[in-house]
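Biologist: I'd like to learn how to read this structure feature by feature. Could you walk me through it, with the general idea before each case?

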Amino acid sequence: MIKKLFIITLAGGLNFFSAHAQDKTGDLAIIVGKNCSLNNVTSEELAKIFRAEKSKGSDGVRFILTTRETGSMERGTALAQIYKMEEGEYSKYFLQATFTGLVQSAPRAMNGSGTAKQFVAVTPGAIGYLRASDADDSVKVLKVDGKTPGEAGYGLKLK
Amino acid sequence: MKKRSAPFASKKFPRTASLPLLLTALATSAAAAEPATALPANVDREFLEKLVSRVNQSESELKDLKAQMAMKNGETASAMPAAPQFPNLQFHGFADISYHWSSREGINNASGVPYNPPGTHSGNSFYTGEFDLFLQSQLAEDLSVLNETVIASSTENEWGLDVERLMLSWTPSEYFNVDFGRFHTAMGYYNTAYHHGTWFQNAVGRPNFLEYEDAGGLLPVHSVGLSIHGAIPSGGLNAAYFFEVANGRNYNTMSGQVQNVADNNSGKAINVQLIAKPDWLTSSQFGVGAYHDFLSPEGLANTDEWIFSAHGIYHTALWEFMAEGFLIRHRMSGDRAHYTPLAYAQIARKFGKFTPYARFTYANASANDLIYTTILNQAGVHYGPSLGIRYDFSTYAALKLQYDYAHDSGFHNGSEVTVQAAFTF
C-alpha cells in the first residue's frame, strides 16, 4: 500500500513539475495599466523604473511605483531580481531617495495580487508586479527583454 | 481486488497520508492549463472541490497575516486602490550621538591659535550630533516641497537651529526640473548624495574639506537660488545635467558664508555639472563640473573664483568606491591666481551587518591665498587616512568606529577616534 502511495505521489509530483515548467505559474509578471505606452522593457529599464531613476514613460505619464506586502514571494523575487537588494537595503535606498529629492515617497505596498491588479488597472502610470498566473485582462503584462511570462527564457522567476 | 482510485475516492483513507497525494493532484490541476483533462478520470471531483475551497480560504488567511506583518513592520499596505492625495506630508528624523577623542586636545599652533580641525569636536568628549528633522510634502503631481531643519549644539555648548534645506521643486519632465530655494550645491557626488543625516553615510562624517560652511569646509556646500536639472537623451550613457544660479559666498568673519537673504554683491554664482551613469558599468557614476562666483571678501579685494570638479563612483549593495577631486582657483584683483586642490577616495565593503571602510583625504589650501590665510585660517596642507567600521545593529540604526590620522601643516600631527551611534526615526 505504502509503495503504491509512493509511486502515485511521485507520479503526481513529476506531473506537477512537468506542467509547472511549461506554464507561467512560476514567473513574476510586470503589470501596467492598459493605456500605458509601455509594452516591452529591458531588464535595465525595468530596474531604473523600479528604482525611480526613470520617473516617466514615453507618454509623459509619471510612474507610480507599487510593491507588495513584506514577506510575500513576489516582493522577495522583485527585490532579488529587479532591485538586486535585500529588504533593509531597499528601505534605506528609498529613504535616501526621498532625502535627496529623487522621489516623493517610497513605492506603495499592495496587499495581495488582487489589490495590486486593481490599483494598477485604475491608476494612470501605476506599475507593479504579481504572479503571472494572477494577471488578467484588466491589466497589461509587459514583455521583459522581449519575452512574456511563461515563454522560455523569461527572466523573472518566482523564488 | 481494490479499486485503483481508492487513495482519492475513499473517505476512510487516513487523512494525514492522503494529504500529500491530494495536494499533489491539486497542484497538478492548478498548474495545468486544462485541469479537467489533466486529472485522472477516477478522481473524486467533489472532494477535490472542497479541498480547493479550503486551500483558497487558507491563502486568504495567509494574506491577512502577511498584511498584519507588513503593518507591524511600519509599512503601509494598501487595502484598496486610492488616488494620490495632496498635500501628503512625510516626516523623517535623523540624529547621531558620538564620543570623540583626539591626541591634539589643548594644542595650539605656532601662532597660539587653538587647534580646531574642521568638523571635529574637542578631544575626550561625548557630544550630541545633528538632530535632523526632514519634511517633504507633495503638493501636486509635479510639485513638492522639501525641508531639512537641523538642531545642533555648537562647540560653546549652545543649541542652535539651522534651516539647511528649503526648496520648492517643480518636476514637469524627465528632462527639465526646477528646484527653487536653499539646496545642496550640485558639486561632485558626496555633497548631494549625503546631506545632514549621518546614518546614510558609512563614515562618521564628511571628508574635511566637504564639511559644512560653518564647520570649516572649503567648498560652497549650500546654495540659495535656482537649480535646473534633468536627463540628457544619451542612450546607454544615461547622462544628466545640473545648471544652478545662486547667491555666492560671503567670506566675512562676522556673518555666515551662505547668503540666505542678502547677497553682498550683484554677482551670482553659476554652477554647471554633467554626470553619466553608463549602462556598460552598472552602479557607476562619473561627473565633471565647473562653478564660478564673484567674491567680495571682507577687507580684501574682489576675487574671481572658479571651482572645477570631477568624480567617479562605483556603488553596489556590497561595494562602495568613491573618488572626487576639486580645484579651487582664486584670483584677486591685481594679484595672480592661486590654486587649491582637494581630493578624497573612499572604499567600503559590506559583510553582512558590518561594513569596514577606508578613506584618504587631501587638501592643500594655498598659503598665498588671502581668503584662506586671513579669513578661514585653513591655509596649508591637510591630509591623512581614516579607517573605520560600521555595524548596522538594526535596520534603522548603526554604530560606527573610526580612526583618523591627520597631518596639518602649521599644527601638530595627531590621531583621533570617534564612536558614533547614528539612526533614523
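Modeller: Gladly! Let's begin with strand pairing in chain B: strand β9 and strand β10 (residues 268–276) of chain B run antiparallel and are joined by 9 bridges. Bear in mind that this is a predicted model.

Biologist: Which residue is the bridge partner of B:F243 in β10(B)?

Modeller: B:V272 is the partner of B:F243.

Biologist: And with which strand does β9 (residues 239–247) of chain B pair over 9 bridges in the antiparallel sense?

Modeller: That is strand β8 (residues 222–232) of chain B. In this pairing, B:A246 of β9(B) sits opposite B:G225. The hairpin of β8(B) and β9(B) has 6 residues between its strands, and there B:G235 adopts a positive phi near 60°.

Biologist: How should I read another set of strands, say β5, β6 and β7 of chain B?

Modeller: Take the pairs in turn. Strand β5 (residues 143–153) and strand β6 (residues 159–170) of chain B pair over 11 bridges in the antiparallel sense, with B:T149 opposite B:V163 in β6(B). Their hairpin has 5 residues between the strands, and B:N157 in that hairpin takes a positive phi near 65°. Next, β6(B) is joined by 5 bridges to strand β7 (residues 177–184) of chain B, again antiparallel. B:L168 has B:F180 in β7(B) as its bridge partner, and the hairpin of β6(B) and β7(B) has 6 residues between the strands.

Biologist: Where is B:F308 found, and is it buried or exposed?

Modeller: B:F308 is in strand β12 (residues 303–315) of chain B. Burial is read by counting neighbours: 20 or more other C-beta atoms within 10 Å make a residue buried, and 12 or fewer make it exposed. B:F308 has 17 such atoms within 10 Å, so it is partly exposed. Beyond its neighbours within four places in sequence, its contacts are B:A290, B:F326 and B:L327. One of these, B:F326, is 18 residues from B:F308 in sequence, while their C-alpha atoms are 5.6 Å apart in space.

Biologist: Let's turn to chain A. What pattern does it follow along the sequence?

Modeller: Chain A reads α-β-β-α-β-α-α-β-α-β-β-β, with 5 helices and 7 strands. Of its 159 residues, 42% count as buried. Among contacts in chain A with a separation of 6 or more, 64% are between residues 24 or more positions apart.

Biologist: How do I read the faces of a helix?

Modeller: The general idea is that an α-helix has 3.6 residues a turn, so residues three or four places apart point the same way. Now the case: in helix α2 (residues 43–50) of chain A, the buried residues are A:L46, A:I49 and A:F50. Viewed down the axis of α2(A), these buried residues fall within an arc of 90°, so they line one face of the helix.

Biologist: What covers the buried residues of α2(A)?

Modeller: The cover includes β1 (28–32), β2 (40–41), β3 (64–68), α3 (73–83), β5 (126–131) and β7 (143–144) of chain A. Just after α2(A), A:A52 has a positive phi of about 65°.

Biologist: How do I read a nonpolar core?

Modeller: In soluble globular proteins, nonpolar side chains tend to be buried together. Here the largest nonpolar core has 44 residues, and A:A29, A:I30, A:I31, A:V32 and A:V120 touch the most other members. The element that gives the most to this core is β1(A), with 5 residues. A second, separate core has 30 residues, among them B:A246, B:M322, B:I371 and B:Y372.

Biologist: With which residues is A:I30 in contact, leaving aside its neighbours within four places in sequence?

Modeller: They are A:L46, A:I127, A:Y129, A:V141, A:L142 and A:V144. A:L46 is also one of the buried residues of α2(A).

Biologist: Finally, which backbone details should I look at?

Modeller: Start with positive phi. A:K84, which is not a glycine, has a positive phi of about 55°; it lies in the loop between α3 and α4 (87–100) of chain A. A:D145, also not a glycine, has a positive phi of about 55° and lies in the segment after β7 of chain A. For peptide bonds, look at omega: the bond joining B:F86 and B:P87 is cis, with omega about -10°. B:P87 is in the loop between β1 (77–78) and β2 (88–102) of chain B.

Terms used:
Residues are numbered from 1 along each chain as its sequence is written. Chains are lettered from A and ligands numbered from 1 in the order in which they are written. This is a predicted model: local features need pLDDT of at least 70, side-chain atom pairs count only at pLDDT 80 or more; totals for chains, interfaces and linings use all residues. Helices (H or I, at least four residues) and strands (E, at least two) are DSSP runs, numbered from the N terminus. The arc is that of the directions from the helix axis to the C-beta atoms. Two residues are in contact if their C-beta atoms, placed from the backbone, lie within 7 Å. A nonpolar core is a set of buried Ala, Val, Leu, Ile, Met, Phe, Trp, Tyr and Cys residues joined through C-beta atoms within 7 Å. Two strands pair if DSSP finds at least two bridges between them.
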